[in-house]
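Trainee: Could you take me closely through the aromatic rings of this protein and the parts that surround them? I would like one connected account rather than a list.

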Amino acid sequence: MYRKGKRVSKEKLVKKQKGMIITAAVLLAAAAVVTGSRLIRHPEKSNTKKSEVADQENSEKEQDHRTSGTELSEKKQNMNKSITEEAFYISKIPDDIFEKMQGKSYKADCTVPREDLRYLHVLHMGFDGQTKEGELVVNKAIAEDVLAIFRQLYEAEYPIEKVRLVDEYDADDEASMSDNNSSAFNFRFISHTTTISKHGLGMAVDINTLYNPYVKTVNGKLSIEPANAEAYVDRSGNFPHKIDHNDLCYKLFTRYGFTWGGDWTHSKDYQHFEKD
């Protein structure tokens, strides 16, 4: 009985030891799972990651906002540019305009064919600092140059009081000049001659005519056109809207190959720019 009991005790001991080993193994495995789980999760790093993602999203949103602002600014600039481009254009003389020119700037004996002339629509800065619309008729040979010059004058906010077709003055050059109107084509002859004026060919432009008169001595007497421009004959004085070699208008026209009447020797035409 004793030996048998001893054998039973050993069996129980073995079973107990096996149970302890199994239990220990289970506990170790569970601990490994827990540890592994913690290593995988890294909650503190996960929070940092979320913070970094949030910061990145905010940064992207700010960048998008800045980009959006830049795009809006560019759109506005493009819109202004588009408006300006639409306001400055060249076309063949519209029928309604040509009809108004009949018997005025386009006289019955005009030697310039209609197809050689072009209508220009421009913007200019008025003496009041406000944008004005202007119209000109010029020879097609100088149309592109004149349009470019008026665009640059406008962009520089160069003041020009009026830019109207001379037909609004019944093609009366004196009336147009005395009203300080800037114009171009008008089929007529050079004053006191039988030579067709460059204006009669559409190859000349007059700017701020009252402040920049045409001056010539005729039969010993000084002729001033317009007649109300006597105060601006003396070019040594300082007064607004005077065209001289330092003036932007002079610089632009001569840059495009025009000749200035202020440089003439036989007479002085301070308002006048022409091209051969």
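Mentor: In this predicted model, the structure holds twelve aromatic pairs. A good one to begin with is formed by F88 and Y154, whose ring centres are 5.9 Å apart and whose planes stand at 50°, so the pair is classed as tilted. F88 belongs to the loop between α2 (43-87) and β1 (89-91), while Y154 belongs to helix α4 (residues 143-155), so this pair ties together parts of the chain that are 66 residues apart in sequence. Both F88 and Y154 are buried. In another pair, F187 and F189, the ring centres are 6.2 Å apart and the planes meet at 65°, so the pair counts as edge-to-face. F187 has a relative accessibility of 3% and therefore counts as buried, whereas F189, at 41%, counts as partly exposed.

Ring pairs also build a cluster, which links F127, Y211, Y232 and F239. One of these rings, that of F239, has the charged end of K242 over it, 5.5 Å from the ring centre. A further charged residue, R235, lies over the face of Y270, at 4.2 Å from the centre of that ring.

From the rings it is a natural step to the nonpolar core. In soluble globular proteins, nonpolar side chains tend to be buried together. Here the largest nonpolar core has 40 residues, and the members that touch the most others are F150, I207 and F273. At least two residues of this core come from each of β2 (117-125), β3 (131-139), α4 and α6 (248-255), and the largest share, seven residues, is supplied by α4. If residues up to four places away in sequence are set aside, F150 touches F88, V122, L123, L136, I160, V163, V205 and I207; F88 in this list is the residue whose ring pairs with that of Y154. Apart from this core lies another, of 13 residues, among them F98, Y106, C110 and Y119.

Q271 deserves a careful look as well. Its place is in the loop between β8 (268-269) and β9, and Q271 is buried, with a relative accessible area of 1%. Leaving aside neighbours within four places in sequence, Q271 is in contact with M177, V205, D206, I207, T209, N212, P213, Y214 and E225. With one of these, T209, the C-alpha to C-alpha distance is 5.3 Å, although Q271 and T209 are 62 residues apart in sequence. Another of the contacts of Q271, E225, is joined to P226 by a cis peptide bond, with omega at about 0°, and P226 itself is placed in the loop between β6 (221-225) and α6.

Y214, also in contact with Q271, leads on to the open spaces of the model. The largest pocket has a volume of about 280 Å³ and is lined by 21 residues, of which I190, S197, Y214, W264 and D269 lie nearest its centre. To this lining α5 (173-178), β5 (214-218) and β9 (272-274) each supply at least two residues. As for enclosed space, a search of the whole structure finds one cavity of 30 Å³ or more, and about 50 Å³ of space lies in the largest cavity. The residues that line this cavity include M101, S105, E135, L136, V137, R164, L165 and F185, and β3 gives the most to the lining, with three residues. L136, which is part of that lining, is also touched by F150.

Two residues in the loop between α4 and α5 complete the close view, namely E157 and A171. Phi of E157 is near 60°, a positive value in a residue other than glycine, and phi of A171 is likewise positive, near 60°. In their burial they can be set side by side: E157 is exposed, with a relative accessible area of 56%, while A171 is buried, with a relative accessible area of 12%.

Seen as a whole, the protein chain has six helices and nine strands, and buried residues make up 38% of its 276 residues. Of the contacts in the chain with a separation of 6 or more, 57% are between residues 24 or more positions apart.

Definitions and conventions
Residues are numbered from 1 along each chain as its sequence is written. This is a predicted model: local features need pLDDT of at least 70, side-chain atom pairs count only at pLDDT 80 or more; totals for chains, interfaces and linings use all residues. Side-chain values use heavy atoms; hydrogens and water are left out. Rings of Phe, Tyr and Trp (its six-membered ring) pair if their centres lie within 6.5 Å; planes under 30 degrees apart count as stacked, over 60 as edge-to-face and the rest as tilted. Helices (H or I, at least four residues) and strands (E, at least two) are DSSP runs, numbered from the N terminus. Buried means under 20% relative accessible area, exposed over 50%, partly exposed in between (1.4 Å probe, protein chains only). A charge sits over a ring if NZ of Lys or CZ of Arg is within 6 Å of the ring centre and within 35 degrees of the ring normal. A nonpolar core is a set of buried Ala, Val, Leu, Ile, Met, Phe, Trp, Tyr and Cys residues joined through side-chain atoms within 4.5 Å. Contact means heavy atoms within 4.5 Å. On a 1 Å grid over the protein atoms alone, a cavity is a set of points where a 1.4 Å probe fits but cannot get out, and a pocket is an open set with protein on both sides within 12 Å along at least five of seven lines; lining residues have an atom within 4 Å of a point. Grid points are joined across faces, edges and corners, and a volume is the space filled by probe spheres set on the points.
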